[in-house]
Amino acid sequence: MNTGVSYALAFLNGHNLTANVRAEIESTSSNSKSFVATGFPKGVGAIPSFAYSYLEDSTPGYSEDISRGGSFLGALNYNYKYRYLLDASISSDGSTAFGRNQKFQTFWSVGAGWNINKEAFAEDWDWMQELKLRGSYGSNGNQNVNSLTSNVYSYYPGSDIFGSAAYLSGYANPNLRWQVVKKTSVGIDLMFLQNRLLLNVDYYYTKTNPLVVDIEQKPSSGLPSYSVNLGHLNTNGVEFSISYYAIRDLKRHIMLNFRLNGNTYKSKYGGFGEGLNNLNEAYKNDSSVSASQNINSLVQYQDGESPTALFAVRSLGIDPATGKEVFLTKNGTPTFTYNADDRVKIADSNPKIKGVFGVSFTYKQITASVNLRYNLGSYAFNNALFSKVENISSDNIVYNQDKRALYDRWQQPGDIANFRGISLTTSTPISSRFIQKDNYLRGESARISWDFSRDKWIKRLYLEDFKFNVSLTDFFD
């Protein structure tokens with residue numbers, strides 16, 4: 001349910017005021033039931049009533065989730081002859097995703113803008129159609145955390161001499177607070193050459209404090225993890241967009257437009273101290289995966305480091321004499337022995353800059369456009385090399401594998417190879433050898449359309465609008 005009131009007033013020859021008040025409440029509930037049936041006669045399809053039985057040793061499944069939230073917002077917008085602009089807002093938001101003592105959080109923001117091109121001294125600026133300076137400061141919340149309203153207990157299937165059994169699968173933190181993001185932003189909007197060249201640039205700085213982190217718990221606690229507020233994340237970056245009309249003939253409806261946008265930012269953790277050492281150790285020593293092959297261990301929570309930093313043991317490559325991988329310890333000593341404690345920061349998966357370049361052309365009724373996405377300066381873990389070239393188990397050898405598993409591996413003493421010798425019994429650990437540059441240019445989308453709306457035969461068919469479109473996405477990578 002939501003409700004709101006808006007009020008607008010123009011007064012004293014140029015002053016404009018708009019006020020809004022809004023309230024909203026929401027409740028979402030979901031549940032699911034499942035079972036597995038087996039033994040279907042040929043030709044009847046997967047209709048449960050035709051099944052011969054349930055799957056042996058299986059039990060029905062059931063889950064439910066309930067979440068509720070509320071929001072109350074007040075906003076005020078003022079401008080004087082659209083020359084000076086001022087916005088302000090305040091809100092109080094509540095959610096069952098957080099502790100019962102901290103369900104509601106207050107957020108506020110204020111922003112200002114100055115349209116310099118509307119000043120009297122800019123009336124003769126024929127070369128510029130828009131020059132706007134703007135800035136804002138405010139806070140907002142992040143509800144992207146695990147719901148605390150899910151089942152506290154999970155149940156073991158079947159029973160024993162004591163009857164049915166249950167185990168603790170979740171435990172609420174009554175003091176868990178919202179993730180609060182405070183953001184400062186300044187920007188400029190420019191328009192030149194009779195609306196043909198447009199430029200927008202923004203600089204921003206954000207601080208998320210506190211963060212919500214799931215802390216790995218000791219087995220004796222009975223809990224896999226526990227949500228707490230710990231640390232903060234600082235981010236600063238720049239966003240820009242440029243649009244240029246090389247041809248802009250509105251009368252004949254002929255246009256050629258080039259556009260480019262991009263952003264670059266850096267983030268750093270802080271305030272963790274020793275608080276997440278257990279979580280980092282849990283990733284390294286995950287019992288379900290060997291310490292040397294746990295991909296989660298690439299990520300570490302450390303003060304002063306980026307959330308997208310990649311950690312691994314450094315590698316010097318494959319020893320030509322033995323076909324074994326040579327690692328570096330933290331102090332730089334070569335060794336054949338892998339040790340997860342020798343991990344250091346290798347690279348960052350966050351690119352130096354990324355964005356989209358596009359071009360569009362319109363000739364009367366025909367419009368064609370192409371958009372290319374670029375990514376520069378990032379690194380990524382190459383899972384294809386890790387799992388399809390070097391870690392092929394005897395069970396997986398029957399499936400499709402990378403051909404480099406046969407041709408680019410060490411085979412005999414003296415071979416200079418990128419990959420170690422073939423082995424179906426010995427696993428290859430994660431090292432810097434599998435962290436590689438991830439620069440790319442991708443064909444994000446392409447489209448061509450023909451607008452028949454102005455043709456006379458469209459009217460004879462009693463149609464107001466008729467367009468034919470052909471589009472492609474991810475047309476090259």
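Asp57 lies in the loop that joins strand S4 (53-54) to strand S5 (61-80), in what is a predicted model. Its phi is near 65 degrees, a positive value in a residue other than glycine. Most residues other than glycine have a negative phi, and most peptide bonds are trans. Asp57 counts as exposed because its relative accessibility, at 76%, is over the 50% cut-off.

A second aspartate with a positive phi, Asp474, is not in a loop but in strand S27 (residues 467-476), and its phi is about 50 degrees. Asp474 is likewise exposed, with a relative accessible area of 63%.

| Residue | Phi | Relative accessible area |
|---|---|---|
| Asp57 | near 65 degrees | 76% |
| Asp474 | about 50 degrees | 63% |

The backbone also holds a cis peptide bond, which runs from Asn209 to Pro210 and has an omega near 5 degrees; Pro210 is found in the loop between strand S12 (197-208) and strand S13 (212-216).

Turning to the whole chain, the protein has four helices and 27 strands, and its C-alpha trace spans about 80 × 65 × 65 Å along the principal axes. The radius of gyration is 30 Å, whereas a compact globule of 477 residues would have a value near 23 Å. Buried residues make up 30% of the 477 residues, and the chain exposes about 29,600 Å², of which carbon and sulfur atoms supply 54%. Among contacts with a separation of 6 or more, 62% are between residues 24 or more positions apart. The chain carries 47 positive and 43 negative charges, whose mean positions are 6 Å apart.

Terms used:
Residues are numbered from 1 along each chain as its sequence is written. This is a predicted model: local features need pLDDT of at least 70, side-chain atom pairs count only at pLDDT 80 or more; totals for chains, interfaces and linings use all residues. Side-chain values use heavy atoms; hydrogens and water are left out. Helices (H or I, at least four residues) and strands (E, at least two) are DSSP runs, numbered from the N terminus. The radius of gyration is taken over C-alpha atoms; the globule rule is 2.2 Å times the number of residues to the power 0.38. Buried means under 20% relative accessible area, exposed over 50%, partly exposed in between (1.4 Å probe, protein chains only). Contact means heavy atoms within 4.5 Å. Accessible areas come from the Shrake-Rupley method with a 1.4 Å probe; for residues, only the protein chains shown count as cover. Lys and Arg count as positive and Asp and Glu as negative; His and the chain ends are not counted. The place of a charge is taken as NZ of Lys, CZ of Arg, CG of Asp or CD of Glu.
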